[in-house]
Amino acid sequence: MLRKFVIAIVLLSCSSLTLAVTEWQKIKRPISGEPLPIGSYSNGCIIGAKALPLQGEGYQVIRSQKLRYFGHPEMLEYLVRLGKRVKAAGLPTMLVGDIAMPAGGRFATGHASHQMGLDADIWLKMGGMSSQQALNPTAILMVNRKLQRVDDRVWSNNQTKLIQLAATDPQVARIFVNPAIKLKLCQTVSGDRSWLRKIRPWFGHDAHFHVRLHCPKGAQYCEEQAPMPAGDGCGAELMSWFEPKQSSTPAPAKQPPVLPILCQQLLDSPEKQQWFAE
């Protein structure tokens, strides 16, 4: 058993598809204890995660078979609260994608963050589905990737309102969207624009947006992300995302960071087999 743990630690420093990543994905139930996010959004884990009910007022969880609807209680409360605001605003049902795995941790593919239960993906496609349809839904791309602009054939004020409702909750630290979506919001939002500061451009994110919450109060092992720049982010900073990319030598593949000690201890725990049980 000790030899396996040594191998896991070695692989953790040598490969992006590590045994540690695979171990997190094998965990099928939350680790019991008081809710405790550990590490950073892109290198951590969570004790005491809870499951978001698959359907609630104004929202629905999609692709539940992937077991990615677990998170810190504050994230679940946020999503439930947002669902109620969505319904009260007369918007179609909000579709909740990935939050985190039962114990958080690294994914083999698809996400660099979502590791502490404080990140959540919300689809820009809206509207309720049958339970069967929700297992394998089809996303709608909101951006013409060639033109790098929002596709007005599928974008509507519903998407703008949904993002605004999501951003105006005080627990939200930032929301990641495709640069073209940020540009669309900068060009069309009138009145109170203060919430636009939280909307940050990032690659991808053309069919969903990514909500990130602040570390909960008293969460001593949770690393808060650096503060955002001042202003609404609608100027030169945003336009730089649309400048032609200069050819350069590809950067070497990044090695995954060493896990926080507490997260590694969880993987090394003799009690871990109970978390793998279906």
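A disulfide is counted here when two cysteine sulfur atoms lie within 2.5 Å of each other. Keep that cut-off at hand as you work through the exercises on this predicted model.

**Exercise 1. Decide whether Cys45 and Cys263 form a disulfide, and find its handedness.**

Solution. Start with the sulfur atoms: those of Cys45 and Cys263 are 2.1 Å apart. The cut-off is 2.5 Å, so the pair counts as a disulfide. Next, take the torsion about the S-S bond, which is about -95°, so this disulfide is left-handed. Then place the two ends along the chain: Cys45 belongs to strand β2 (residues 43-47), and Cys263 to helix α8 (residues 261-268). With these positions 218 residues apart, the bond links distant parts of the chain. Finally, check the surroundings: Cys45 and Cys263 are both buried.

**Exercise 2. Describe the disulfide that joins Cys186 to Cys234, and say whether each end is buried or partly exposed.**

Solution. The distance from S to S is 2.0 Å. The torsion about the S-S bond of Cys186 and Cys234 is about -80°, so this disulfide is left-handed. Now look at what it connects: Cys186 sits in helix α6 (residues 179-188), while Cys234 lies in the loop between β13 (208-213) and α7 (236-239). The two cysteines are 48 residues apart, and the pair links distant parts of the chain. For the last step, use the 20% cut-off for buried residues. Cys186 has a relative accessible area of 12%, so this end is buried. Cys234 has a value of 22%, so this end is partly exposed.

**Exercise 3. Find how many disulfides the protein has, and work out the pattern they follow.**

Solution. Two pairs are already in hand, Cys45 with Cys263 and Cys186 with Cys234. Add the disulfide that joins Cys215 to Cys222, with an S to S distance of 2.1 Å. Its torsion is about -75°, so the Cys215 and Cys222 disulfide is left-handed. Cys215 and Cys222 are both buried. The count comes to 3 disulfides. Counting the bonded cysteines along the chain gives the pattern 1-6, 2-5, 3-4.

**Exercise 4. Determine how far helix α6 is enclosed, what it packs against and what caps its N-terminal end.**

Solution. Begin with burial: 8 of the 10 residues of α6 are buried, so the helix is largely enclosed by the rest of the structure. Among these buried residues are Pro179, Ile181, Leu183, Leu185 and the disulfide-bonded Cys186. Two lysines, Lys182 and Lys184, are also on the buried list. Next come the partners: the buried residues pack against β9 (143-144), β10 (149-150), α5 (157-167), β11 (172-177), β12 (199-201) and α7. The cap is Asn178, with a side-chain oxygen 2.9 Å from the backbone nitrogen of Ala180.

**Exercise 5. Classify the ring pairs Tyr69 with Phe70 and Trp202 with Phe203.**

Solution. A pair of aromatic rings is described by the distance of the centres and the angle of the planes. The whole structure holds 4 aromatic pairs. For Tyr69 and Phe70, the centres are 4.8 Å apart and the planes are at 20°, so this pair is stacked. Trp202 and Phe203 have 5.7 Å from centre to centre and 65° between the planes, which makes them an edge-to-face pair. Now compare exposure. Tyr69 is buried, with a relative accessible area of 16%, and Phe70 is buried at 7%. In the other pair, Trp202 is partly exposed at 45%, and Phe203 is exposed at 51%. To finish, follow the ring pairs onward: Trp202, Phe203 and Trp241 are linked into a cluster.

**Exercise 6. Identify the rings that have the charged ends of Arg149 and Arg212 over them.**

Solution. Take Arg149 to begin: its charged end sits over the ring of Phe242, 4.7 Å from the ring centre. For Arg212, the ring belongs to Tyr41, and the distance to its centre is 4.4 Å.

**Exercise 7. Build a picture of the setting of Asp151.**

Solution. Locate the residue: Asp151 is in the loop between β10 and α5. Its relative accessibility is 16%, so Asp151 counts as buried. The Asp151 side chain makes a polar contact of 2.9 Å with the side chain of Arg153. Setting aside neighbours within four places in sequence, Asp151 is in contact with Met142, Val143 and Asn144.

Methods:
Residues numbered from 1 in each chain as written. Predicted model: local features only at pLDDT ≥ 70, side-chain atom pairs only at ≥ 80, totals over all residues. Heavy atoms only, no water. Helix = DSSP H or I, 4+ residues; strand = E, 2+ residues; numbered from the N terminus. Buried < 20%, exposed > 50% of the residue type's maximum accessible area, 1.4 Å probe, protein only. Contact = heavy atoms within 4.5 Å. Polar contact = N/O pair within 3.5 Å; in protein donor to acceptor, adjacent residues only side chain to side chain. Phe/Tyr/Trp six-rings, centres within 6.5 Å; stacked < 30°, edge-to-face > 60°. Lys NZ or Arg CZ within 6 Å of the ring centre and 35° of its normal.
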